[in-house]
Amino acid sequence: MTPEGGRPPERALDVTADLSVEVDGVPVRVQASGAEIEVTSPDVRRLFAAVRVAGGAATQASPGRAELARVADTLAANGLTARLDGPSGRVLSLGADVDSAAGSALLGTRRARLHPAGALRSSGPAPAAAAALLLAVLAVLAGRRRR
């Protein structure tokens, strides 16, 4: 996808990662190479709940469409694409390689795509907000690293 003006975004960041962490007991794996970031968890619903609690503690409010749009747009502006996978497949895609009219209506940005089969099998729409918060944390960490 190219932004208005026809030129693809310049990649401001290249990400290399192979990280395994637990978020309140929920295993999460982050793998990245270049512009692609893959976030995988065997329990996306519990991951969402844990990230939501952490996000609420930091922001004093539950994450919403505005936060998801901000994360997706930040990733896209840096030429990055992130994907959240659960045990039943892809749940959410965000960033540069995403252009979704449905994402605009459902999630507040064309730079986000909810994958219905993976999301439904991962216990509902909660994974979208979990991905947004997890990716926001990654974006903050990447921003601090650049300084």
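Start with the whole protein chain and colour it by secondary structure: from the N terminus, the elements follow the order β-β-β-α-α-β-β-α-β-α-α. That gives five helices and six strands, where helices (H or I, at least four residues) and strands (E, at least two) are DSSP runs numbered from the N terminus. This is a predicted model, in which local features need pLDDT of at least 70 and side-chain atom pairs count only at pLDDT 80 or more, while totals for chains, interfaces and linings use all residues. Residues are numbered from 1 along each chain as its sequence is written, and side-chain values use heavy atoms, with hydrogens and water left out.

Next, select residues 15-23 and 26-34. These are strands β1 and β2, which run antiparallel and are joined by nine bridges; two strands pair if DSSP finds at least two bridges between them. Pick Thr16 and you will find its bridge partner, Ser33, in β2. Now move to the turn: β1 and β2 make a hairpin with two residues between them, and Asp24 there has a positive phi of about 50°.

Then show the side chains of Ile37, Leu75, Leu92 and Leu94. They have the most contacts inside the largest nonpolar core, a group of 25 residues. Such a core is a set of buried Ala, Val, Leu, Ile, Met, Phe, Trp, Tyr and Cys residues joined through side-chain atoms within 4.5 Å. Elements giving two or more residues to this core include β3 (36-40), α1 (44-59), α2 (65-77) and β5 (89-95).

Finally, zoom out and colour by burial. Buried residues (under 20% relative accessible area, 1.4 Å probe, protein chains only) make up 41% of the 147 residues in the protein chain.

Conventions
Buried < 20%, exposed > 50% of the residue type's maximum accessible area, 1.4 Å probe, protein only.
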